[in-house]
Amino acid sequence: MVPMSWNKQQRSLLVKTARLSIRQGIDTGQPLSLKLEEYPEVLLEPRATFVTLTLQQLRGCIGSLQAQRPLIADIAKNAFAAAFRDLRFAPVQEHDFSSLKIQLSILSPSTALEFDSEEYLLKQIRPGIDGLILQYKNHRGTFLPSVWGQLPNTKEFLQHLKQKAGLSPGFWSEAITIQRYTTESIE
């Protein structure tokens, strides 16, 4: 796994960029446009991220599972998308902005888990640490490690992930694939 660490100034810049992208969205309907040459090299490395917004409860959560663009650009894109493109919620409004809590999750590259049964899979999952990507045919879902706060039991975590992917909680097939990743959380 690639080590993840950003200093206090870089972390602050990532959160500020997310907030500015949401502000830009409120003002213009467009995400923040970045001049990448103005950012430190460490923030230009390709990384996958999720941006979670809360206003006392979940208000939006959008992200990417694969590194497709520079970290700072992924943060700006996903902050805008979490605020205005998460179909579960109405777009963020001006009156929401000052109270909006932003949590950034920067993902490590994912690795495939090898297993021959659900029982063996459950023994490999690290509660409180692992984010999981479940895939079966055209069904796919992920839970960030932060979801362990609501689902601390490994079996329940997996059952709810199956439901999120559109499968029944008790579904099992040898064709299911699971990848795990960790995150560094920045608020």
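Is Asp96 buried or exposed? At 12% relative accessibility, Asp96 counts as buried, because the cut-off for that class is under 20%. The views below come from a predicted model.

**View 1. Asp96 in helix H3.** Helix H3 covers residues 94-97 and includes Asp96. Two residues touch Asp96 when those up to four places away in sequence are not counted: Leu55 and Arg59. Cys61 serves as a reference point for distance. Asp96 and Cys61 lie 35 residues apart in sequence. In space, their C-alpha atoms are 16 Å apart.

**View 2. Helix H2 along its length.** Helix H2 runs over residues 71-84. With 14 residues at 1.5 Å a residue, H2 should span 20 Å. The C-alpha atoms at its ends are 20 Å apart, so the expected span and the model agree. H2 is mostly covered. Of its 14 residues, 13 are buried.

**View 3. Helix H1 packed on helix H2.** Helix H1, residues 8-28, packs with H2 at an angle of about 45°. The two axes are 8 Å apart. That angle makes H1 oblique to H2. The crossing of H1 and H2 is right-handed. By class, this contact has 13 nonpolar, three polar and no charged residues.

**View 4. Residues at the contact of H1 and H2.** H1 contributes Leu13, Leu14, Thr17, Ala18, Ser21, Ile22, Gly25 and Ile26. These meet Leu71, Ile72, Ile75, Ala76, Ala79, Phe80, Ala83 and Phe84 in H2. No charged residue takes part in the contact of H1 with H2.

**View 5. Gln56 between strands S1 and S2.** Strand S1 spans 48-54 and strand S2 spans 58-63. Gln56 sits in the loop between S1 and S2. Its phi is near 70°, a positive value in a residue other than glycine. Most residues other than glycine have a negative phi. Gln56 has a relative accessible area of 90%, so Gln56 is exposed.

**View 6. Lys137 between strands S5 and S6.** Strand S5 covers 131-136 and strand S6 covers 139-143. The loop between S5 and S6 holds Lys137. Phi of Lys137 is near 50°, and this too is a positive value in a residue other than glycine. The relative accessibility of Lys137 is 66%. Lys137 therefore counts as exposed, since the class begins over 50%.

Technical notes. Residues numbered from 1 in each chain as written. Predicted model: local features only at pLDDT ≥ 70, side-chain atom pairs only at ≥ 80, totals over all residues. Heavy atoms only, no water. Helix = DSSP H or I, 4+ residues; strand = E, 2+ residues; numbered from the N terminus. Expected span 1.5 Å × (residues − 1). Buried < 20%, exposed > 50% of the residue type's maximum accessible area, 1.4 Å probe, protein only. Axes fitted to C-alpha atoms, helices over the stretch in contact; angles between N-to-C directions. Parallel < 35°, antiparallel > 145°, perpendicular 65-115°, else oblique. Left-handed = near helix turned anticlockwise from the far one by under 90°. Contact = heavy atoms within 4.5 Å. Nonpolar A, V, L, I, M, F, W, Y, C, P; charged D, E, K, R; others polar.
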